[in-house]
Amino acid sequence: MTENAEVAALLYEFADLLEAQGVEYKPRAYRDAADSVREAPRGALEDPEALDDVGEAIGGKIEEYLETGSIEELEELREEIPVDIEALTRVEGVGPKTAGKLYRELDVRDLDDLEEAAEAGRIRKVKGFGAKTEENILDGLEFARRSHDRMLLGDAAPLSEEVLQRVRDAEGVERAEVAGSLRRRKETIGDIDVVLVSSDRDATTAEVAEYAEDVMQKGESKASYHLEDCQLDLNMVDEDEWGSALVYFTGSMAHNVALRQRAIDQDKKLNEYGVWRDDTRLASETEEEVYRELDMEYVPPELREDRGEVEAAADGELPELVEHGDVRGDLHLHVDRTDGSATIDGLVEKAMELGYSYLAVTEHSEALGVVGGLSDSELRELAADVEEADESSELRLFTGVEANILKDGSIDVGESVLEELEVVVASIHSNLGMEEDEATERLVSAVEHPEVDVIGHPSGRLLNSREGYPYDLDRVLEACIDYGVALELNANPHRLDVDDREVRRCVEAGVPVAVNTDAHAEMEMEYVGYGVSTARRGWAEASDILNSWSVEELEEWLGC
DNA sequence: GCCGTTTTCGGCCCGACTGTTTTCAGTCG
């Protein structure tokens, strides 16, 4: 866990424990502070009180934790309510107050205790609980135990396409779209939200229930299902509320709260049914109308995170985001000379299909022994093959390499070879267990190398499995400006590295971002879509993306 | 506990759904 995530988790726990004790309002304050910490850039905890929603009290506790490794007040709370509140509240329908009550009444401290109490029929005897609640807890336990990580966008997006098609085919459905974090294209997804219009809601929900694992809840306007390892929420709305419902269910929560506040400031009210003044509905049919009624530009879903987009849209200053069609090439591709399966011809064919003008073949270099990285002479042979293919291709094929940044910051390919190759992507693949200073130095050294053009997957993270080493992005960006180097946004859905927030800092610093797929097979070149949506989440325009430049612009930048 | 173009106290997003209630609390998003 990053330091921010670690502190945020403690603050969430603090909030839950307070709520379990029936404390009012404070839990909200701790959660807001936790959200703010989680969203903040690395290093922001040096001055916690500078963050939104962090005041003197919580700021002091953060400092206490960073200095001593614990927070006295939290330790006291944990003694008063010694329960695994994070695990217990993962059970559907169990929140902090329920967890607190079950601890006080039945000494339930963790999932095992909860299961035991439910199976023994002890929960139904507690005042305010019944047989149905006990049953729901038993049902929810299994899911809570196996649902751990959020789904990757790369898994959720194709699944949601399939789900959406089934929903659209269901009886009564006139219109359906995916909303929620999927529509915002977050790197990980909690559940699949669908907004739909149906002429027969009962028939629709019944048909969807047929292929779902089970039905969690079903009401007039809403139904939830378990689907493999995720949850599917159907939100059923009337045709004339489509726009306001889509805004509402797309979120994020923070964006919605900011929109509602803006409505209140204008003597209006915003909910999923529309923008209102008193009992008069002013807008609701399309998202564009809703934003217009709030005197704002339309906000693309990827920006709806309350990271300044509400203010920017009100001032008419939203960026003109990069689009999929703006991408003209892929500058980090592997072939079958090391660990990939693609061929030069195969990559070219796929690139044509994607409407590209160019691509670069950047095979692994020698130090990456595990995949049989290419020696200097083998890199030259591959370059010759790429040049030959270039002659007969409609595309511009760049020669290249994905070189390794060694422990001391040097590059594992000979100078003369690096000079000959047109695109040099430099990446860290070894000695990943570094402290921030060491990692930063290593990256900066690579940036300073005269032949390096792009730093590949800068943090080395793998979503849900490897955190990546910490580094000082500001220092790397400064070096990138000085030496004319781009950072990669690796579009592989397991990486998405740099991430959305880091893209924004690149954009602000004026460092070009290369949206590369790092494809090892032709099909993987399609990952570019995840990269583009992540770039959009980082407020990037086409001009900020290195591989949306024309061949001529790119050749000039590369100096070839 | 945090915040402020109704500022240093008095509010704190809001609606659906469920289960347990005879009017509402807790959870969720």
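**Figure 1. Helix H12 and its surroundings in the predicted model.** Helix H12, which spans residues 242-250, is largely enclosed by the rest of the structure, because eight of its nine residues are buried; the model shown here and in the other views is a predicted one. The buried residues of H12 are Trp242, Gly243, Ser244, Ala245, Leu246, Val247, Phe249 and Thr250. Directly after H12 comes Gly251, a residue with a positive phi near 70°.

**Figure 2. The largest cavity, with H12 contributing to its wall.** Searching the whole structure for cavities of 30 Å³ or more yields one, and the volume of the largest cavity is about 40 Å³. Its lining is made up of Ser244, Val247, Tyr248, Asn256, Arg260, Leu270 and Asn271, and the elements that supply two or more of these residues are H12, helix H13 (253-265) and strand E8 (269-271). H12 gives the largest share of this lining, three residues. Two residues of the cavity lining, Ser244 and Val247, are also among the buried residues of H12. By residue class, the lining of the largest cavity comprises three nonpolar residues, three polar residues and one charged residue.

**Figure 3. The protein surface around DNA strand B.** There are 43 residues around DNA strand B, and those that come nearest are Arg28, Gly130, Lys218, Arg260 and Tyr273. Of the atoms of DNA strand B that come within 4 Å of the protein, 80% belong to sugar and phosphate. One of the nearest residues, Arg260, is also part of the lining of the largest cavity. The residues of the surface near DNA strand B divide into 14 that are nonpolar, 13 that are polar and 16 that are charged.

**Figure 4. Backbone atoms beside phosphate oxygens of DNA strand B.** In this view, a polar backbone atom of Gly130 lies 2.5 Å from a phosphate oxygen of DNA strand B. For Gly95, the distance between a polar backbone atom and a phosphate oxygen of the strand is 2.7 Å, and for Asp53 a backbone N or O atom is placed 2.7 Å from a phosphate oxygen of DNA strand B. Two or more residues of the surface near this strand come from each of helix H2 (26-39), helix H3 (56-68), helix H6 (96-106), helix H8 (131-146), strand E5 (214-218), H13 and E8. Two of these elements, H13 and E8, also give two or more residues to the lining of the largest cavity.

**Figure 5. The second largest pocket.** This pocket has a volume of about 180 Å³ and is lined by 16 residues, among which Glu422, Pro450, Glu451, Asp453 and Leu558 lie nearest its centre. Helix H18 (415-420) and helix H23 (551-558) are the elements that give two or more residues to the lining of this pocket, and H18 provides the largest share, three residues. Divided by class, the lining of the second largest pocket holds nine nonpolar, two polar and five charged residues.

**Figure 6. Cysteines in a structure without disulfides.** The structure holds zero disulfides. Cys480 is in no disulfide, and the cysteine sulfur nearest to that of Cys480 belongs to Cys506, at a distance of 7.4 Å, whereas a disulfide would require the two sulfur atoms to lie within 2.5 Å. Cys480 is buried, with a relative accessible area of 2%. Cys230 likewise counts as buried, because its relative accessibility is 2%.

Definitions and conventions:
Residues numbered from 1 in each chain as written. Chains lettered and ligands numbered in written order. Predicted model: local features only at pLDDT ≥ 70, side-chain atom pairs only at ≥ 80, totals over all residues. Heavy atoms only, no water. 1 Å grid on protein atoms, 1.4 Å probe; cavity = no way out; pocket = protein on both sides within 12 Å on 5 of 7 lines; lining within 4 Å. Points joined across faces, edges and corners; volume = space filled by probe spheres on them. Helix = DSSP H or I, 4+ residues; strand = E, 2+ residues; numbered from the N terminus. Nonpolar A, V, L, I, M, F, W, Y, C, P; charged D, E, K, R; others polar. Buried < 20%, exposed > 50% of the residue type's maximum accessible area, 1.4 Å probe, protein only. Near = heavy atom within 4 Å. Polar contact = N/O pair within 3.5 Å; in protein donor to acceptor, adjacent residues only side chain to side chain.
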